[in-house]
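Welcome, and please open your viewer so that we can walk through this chain together. Keep the selection panel at hand, since each stop begins with something to pick.

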Amino acid sequence: MLTACGGSKTGTDSGSAGKASTASTTSTASKASSAASQTKADDKPIEISMYMPDNATLPYKQDWLTFETVQKNTNVKLNVEAIPIADYQTKVSLALNTADNAPDVILYQSSVGENASLALNGAIVPISDYSEWTPNYNAWVEKLGLKDDIERLKLKDGKLYYMPALYDKPFYDGGLLLREDFLEKKGFSAPKTFDDLYKILKAYKEENPKSYPLTILAGPRVLYRFTMPSFGISVGKNSSSGSYTLSYDYDKKEYFTGAIDDKCKEYFAFFAKLYKEGLLDPEMADPIDGDKWAKCLADGTSIASWAYYDQIGGVAAASNIKGFKLQMYAPLEGPSGAHTQPRSRTVGGIMFPTSTTKRADFEQVVRKIDEMFYSEENAKVWCLGVEGVTYKMEGDKIVYNEEIQKAPNGIFKQMQVDYGCGANGTQQVWLLDLELTKYDDNFKKINEEVAAMPDAIQSVPPAPAFDDVTAEDAASLSTPLADKFEVWADAFITGKKSVDSDWDAYVKEMKDLGIEEYCKMYNDNLKK
């Protein structure tokens, strides 16, 4: 049966699929690890409470090999609260704002948006003040040549408020997933533009009137993340700057009011057309459960979605359609070129609420977290698992165990699901060459194609260097603007409001809420 994909209130952002890994090690990191290790076999484990995001496509398991191994290696007992990713930032915000029941450690965080204000107002530990306690992290920053990148993450006071995940190179792990077998059947070439995609979706709808050719993973947030850059904007929950309603002009090197710009109007008009013509899943506004999302593609209800390469194997394995072949394609060209989500070599990482400093063993907590996520030994665990269990070495070649190699999900996804390897939030050191060992030759070919495209993966926009007062003022504007944007964005795409007749009213409401003042704050405080 070809029906809508069905909504769910559980967020399903992919395990954020492949990034780059950590089996390649350094003598510097090794020495740092030895210096930092405070563990003795007969010591009582130190208990540390932790928030981490939970994805429906990668549900947290307490008995994951990664978690069990690093706790044993460091003599730590982690008390993990895995929070659905759709609710994660709300829960984190509440904990940091009230300090009530805040955990010792929060994963998957940065100091943009509201967190900048919270940091400068004393809610978050300036981890750079304790650099002597993070030798393993320091060693990787040095090894990967990331000192300048880290410098740009510091706030107005010159301090760093989180330990970011570290990458040697950004790469293309997610994009447009589309049924290649349908393209071949109808004689379509690989889509290069959004107009090309429209024609493909239209052709599928004509053959399958009850279908909704384009479905959505995790609600609009993933769609926005991947598609907006080709229209020259990046707004919404996954805005590249964390501002929610502003976008960055890479030529002028300044921010503009992206949420009310004509670029955004053009973006909404395109997807409103898809929605009106039955080409877009009518339940796109709700986070669609990962299993239902996969079923939509597997049974032919849909043929396209923006998602991650590691999800292809599971969808293909679940399909009974003869000749079914799901493929990932390079970014589509829009009015502003062909771009995907901006990437940085430093992304959201590990943050300590200020309440953690009240622990008598605060230093040991920081040292343990540094060892747990950045030491040579444990960084390898988060990436590859355990030698002799998940993989073995044949010379200098990594060979995964037979079960992993034969998994219909593919190596990367199976490593995530069964062992907790290669997951955003937990793996903090990513090296491209090692990550590619988990993928097939097709994936490597796609990455080569994208690498040859000019600025397909743009850099993450620079963050403003707010002082505490300005950060608080910006945060007070950000929330109502974000809420208003969500309401109008849904209305424009689903046809409740018209981009032709209602756009001016929307712009007025956003201006009344201070979007222009908000933008000025960003530009006035950009580091020169």
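Among contacts in the protein chain between residues at least 6 apart in sequence, what percentage join residues at least 24 apart? It is 79%. Keep in mind throughout that this is a predicted model.

**The whole chain**

Start with everything shown as a cartoon. The protein chain holds 21 helices and 15 strands. Its radius of gyration is 23 Å, close to the 24 Å that the globule rule gives for 528 residues, so the chain is as compact as a globular protein of that length. Along the principal axes, the C-alpha atoms fill a box of roughly 70 × 55 × 40 Å. Colour by accessibility if you like: buried residues account for 58% of the 528 residues.

**Tyr 108**

Now select residues 105-109, which form strand E3, and pick out Tyr 108 within the strand. Tyr 108 is not a glycine, yet its phi is positive, at about 65°. Is this residue buried or partly exposed? With a relative accessible area of 26%, Tyr 108 is partly exposed, because the cut-off for buried is under 20%.

**H9 against H10**

Next, select helix H9, residues 220-227, together with helix H10, residues 262-276. The axes of H9 and H10 are 13 Å apart and the helices pack at an angle of about 125°. That angle makes H9 oblique to H10, and their crossing is right-handed. Show side chains here: Leu 223, Tyr 224 and Thr 227 of H9 meet Tyr 267, Phe 268 and Phe 271 of H10. By class, this contact of H9 with H10 has five nonpolar residues, one polar and no charged.

**Tyr 244**

From H9, follow the chain into the loop that leads to strand E6 (247-249), and stop at Tyr 244. Here is another residue other than glycine with a positive phi, near 80°. Tyr 244 is buried, with a relative accessible area of 15%.

**Pro 282 and on to H11**

Move to the loop between H10 and helix H11 (290-298), where you will find Pro 282. Its relative accessible area is 29%, so Pro 282 is partly exposed. Try the distance tool from here: the C-alpha atoms of Pro 282 and Thr 354 are 43 Å apart, with their positions 72 residues apart along the chain.

Then select H11 itself. Which residues of H11 are buried? They are Gly 290, Trp 293, Ala 294, Cys 296, Leu 297 and Ala 298. To see what surrounds these buried residues, add strand E5 (174-179), strand E8 (304-308), helix H12 (312-318) and strand E9 (326-329), against which they pack. After H11 comes Gly 300, with a positive phi near 90°.

**H19 against H21**

For the last stop, select helix H19 (residues 468-494) and helix H21 (residues 515-524). Where their axes approach, they come within 10 Å, and they cross at roughly 140°. That makes H19 oblique to H21, and H19 passes H21 in a left-handed crossing. On the H19 side, display Thr 470, Asp 473, Ala 474, Leu 477, Ser 478 and Leu 481; they meet Ile 515, Glu 517, Tyr 518 and Met 521 in H21. This contact of H19 with H21 divides into six nonpolar, two polar and two charged residues.

Technical notes
Residues are numbered from 1 along each chain as its sequence is written. Side-chain values use heavy atoms; hydrogens and water are left out. Helices (H or I, at least four residues) and strands (E, at least two) are DSSP runs, numbered from the N terminus. Buried means under 20% relative accessible area, exposed over 50%, partly exposed in between (1.4 Å probe, protein chains only). Axes are lines fitted to C-alpha atoms, for helices over the stretch in contact, and angles run from 0 to 180 degrees between N-to-C directions. Angles under 35 degrees count as roughly parallel, over 145 as roughly antiparallel, 65 to 115 as roughly perpendicular and the rest as oblique. A crossing is left-handed if the near helix is turned anticlockwise from the far one by less than a right angle, and right-handed if clockwise. Contact means heavy atoms within 4.5 Å. Ala, Val, Leu, Ile, Met, Phe, Trp, Tyr, Cys and Pro count as nonpolar, Asp, Glu, Lys and Arg as charged, and the others, Gly among them, as polar. The radius of gyration is taken over C-alpha atoms; the globule rule is 2.2 Å times the number of residues to the power 0.38.
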